[in-house]
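Here is a short round of questions and answers. Each one sets a value against its definition.

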Amino acid sequence: MSPRCRHCVSLLVMAAAVLLTAIHPIAPASAQGVQAQAQAPAQAPGGAPVIERILVEGAQRIEPDTIRTYLHVEEGDRFAPDRIDRSLKDLFATGLFADVSLRREGNDLVVVVVENPIINRVAFEGNKRIQNEALSPEVQLRPRAVFTRSKVQDDVKRILEVYRRSGRYAVAVDPKIIELPQNRVDLVFEIDEGPATYVRRITFVGNKAFSDSDLRSVIATKEERWYRLLSSSDTFDPDRLTYDRELLRRYYLENGYADFEVRAAAAELTPDRESFFLTFTVNEGDRYRVGAVDIEASLEDLTPEMLRPAVLIEEGDWYDASLIDRTVEDITERVGSLGYAFVDVRPQIKRDREANTISITFDVREGPRVFVERIEIEGNVRTLDEVIRREIQLVEGDAFNSAKLRRSRQRIRDLGYFKTVEVTNEPVVDKPDRTVITVDVEEQSTGELSFGVGWSSSLGALVEVGIRERNLLGRGQDLSMRLSWAERRTELDLSFTEPYFLDRPIAAGFDLFAVDRDLQDESSHQLRQQGGSLRFGYKYNERWRHDFKYTLQRQEIFDVEDDASLFIQEQEGTEVLSMLGHALTYDTRDSRLIPSEGYRFQIANDLAGLGGDARFLRTDLEASYHYPLGDEFNWDPEWVIGVRGHAGYILGLGEDVSIRHRYFLGGNNLRGFAASGAGARDRGTGDALGGNWIVDGSLELRVPLGLPEELGLGAKLFTDWGTSGVPDGVPDEDLDHDVSLRGSVGVGLLWSSPLGPVNIELATPVVKQPYDEEEFFRLSFGSRF
């Protein structure tokens, strides 16, 4: 046999042996194969190992089945690395665990968790400037919540932001954890408040028309000064800085600078982190006057002449963006009053940069036909819905009117019950002709407790205590009580007002009062008044108001001096007054206490004799007018001139008018003269007897002192003039009286104090009679106009 044949035979023998081994395996080898197969993991059809069990370790509060729901694998699935990795991430994302690990043990997947502890208590330490009540709502973590480090860091950032809003940028917050049994912890925020971060200097770059001091008075942020101890306006607040940009923009747009822009507002923190330097970079642009002012009306039967009275801006005036907005509102209101439910007023502005004029065309056209679907009120916890709803000048089903919506927002804000008021409207899905009005409010405290002490030249030393609730039980009712004690007057008042009597816009209420007045210096007697009144009033519109009152009171003249005038002694005793009166008022003033613009007119009549002892008819006319000279002469806006006038007449009906009801001249209505110091007197005793008519008036000029606005200090120059008539039942030969005018001139200091306006006045008579009594210095609380 050749070598090649022997090789082939060998190959055939080996092949046969392998085949036989496969068909009949050797016994020992077969046993070892079975044992190895038992130790190997189960194989999926694709050859990968399969999860037989999922075991959870370390769970205390959380059920293992709950943990398994976050996994992306189940028993019987393959050990897929990508799905196991996603399971690990999702378990961490729950925020329930401080640590999570997944491992494989044979056919088992073992999930090991370390649960985050439960918060037992959240506390603040080291906070003095900001109380716990203000910090607690800012943090997310609460008792019984799950502790996570990410939420703790978020809460630290929120606490830092609260302090920064209050002007403290050097604050440090260190969270501490106190471990407790049963996997619980106390979370304590240790706060180092640091010093307040004040605004040291505010500068402006690019301003030419207005000085830095003018612009500083416009913005809300102020420079650090000692007299701002009770204010936070001199601490840095980034939100206030944004508001300052808007205030600057409004100021320039109201003064003719239509191209004005704030290019930058930078805040630089000093290295010691105790102060800020603010820099506003502005571009004033050119100043514009108003060019042609036109009205285009495309509504049927509506002509521009019908709308012309609503236009508040005239050709030649300096451009004022605020007047354009007010004109749009007035035109919208006027068109609505003419019966047009859907109107859209758009001001078209055209600049002439060469002539520096802006022409304005008010385009009045029919607006989209949109109706109010519903009105939703949110945020009110204490105040009833109806109190807010009755101030909204739209109801469900009305044609939508944006001007009425803006007025409604202002009416709700004027209530004084809410810190913020937001009124919005959104279209209804699938209903383009419907809109939903949403009123979102944030309530504030409406209770007031006041205490004041002072001194008045007419009353002497005084103490006053008052309590008031302006939103009683959330119904919008006003309840107040005031006790005032002074050397020459004691007064107790209780007042209640229901602003919507019988669900109508009628303010109704009652007053109870008791007053003791010492009139010994003026008329040698004392006067005691006790009684009450019922009143109601309503508004015709925003300016016209009509009030009615019925008064029933007991009046007693007592403690009359032995040497008093016989005409006063004969009136000693008690009188019952039953009086019905009304007052019609027209008021356009911008403020009731310290007005700077607008006028007021009132006519009032009182009729006594519907029962009681007194019988008379009294009429009073009052008028005042205020005009800001700053607008006319481009002066400081605090230059304001005011004129006031009053005339009154009382007529006895079948009997003489008692001294209790006569007019007296001097004091508040004629400065420079003592109270009741000018007018008719008993020639023998010098007692003031008053008169049956009076005319008095004032001319006053308020002058700025150049001091910071927040001090509330201003000066004034004034002159008062007046005269009065003679009393009933007193012969002329027993009187010192002259109907000639009395007059005085003076200066004063006006302080807008936290307790109300305080007037300090120095005046001297320039026209008087020998028997008149003078008063050089006068201090009073309240406004004259």
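Q: Why is glycine 285 called partly exposed?
A: Its relative accessible area is 33%. Buried means under 20% and exposed over 50%, with partly exposed in between (1.4 Å probe, protein chains only). The value 33% lies in between, so glycine 285 is partly exposed.

Q: What should a newcomer know about the model?
A: This is a predicted model, where local features need pLDDT of at least 70, side-chain atom pairs count only at pLDDT 80 or more, and totals for chains, interfaces and linings use all residues. Residues are numbered from 1 along each chain as its sequence is written, and side-chain values use heavy atoms, leaving out hydrogens and water.

Q: Where is glycine 285 placed?
A: Glycine 285 sits in the loop between β9 (275–283) and β10. Strands are DSSP runs of E, at least two residues; helices are runs of H or I, at least four; both are numbered from the N terminus.

Q: Which residues is glycine 285 in contact with, leaving aside neighbours within four places in sequence?
A: They are Tyr257 and Asp259. Contact means heavy atoms within 4.5 Å.

Q: What makes β11 and β12 a pair?
A: Two strands pair if DSSP finds at least two bridges between them. β11 and β12 (residues 357–365) have nine bridges, so they pair, in the antiparallel sense. Within β12, threonine 361 is the bridge partner of glutamine 348.

Q: Why are β10 and β11 called edge strands?
A: The open sheet runs in the order β10-β12-β11, with mixed pairing. β10 (289–297) and β11 (344–352) each pair on one side only.
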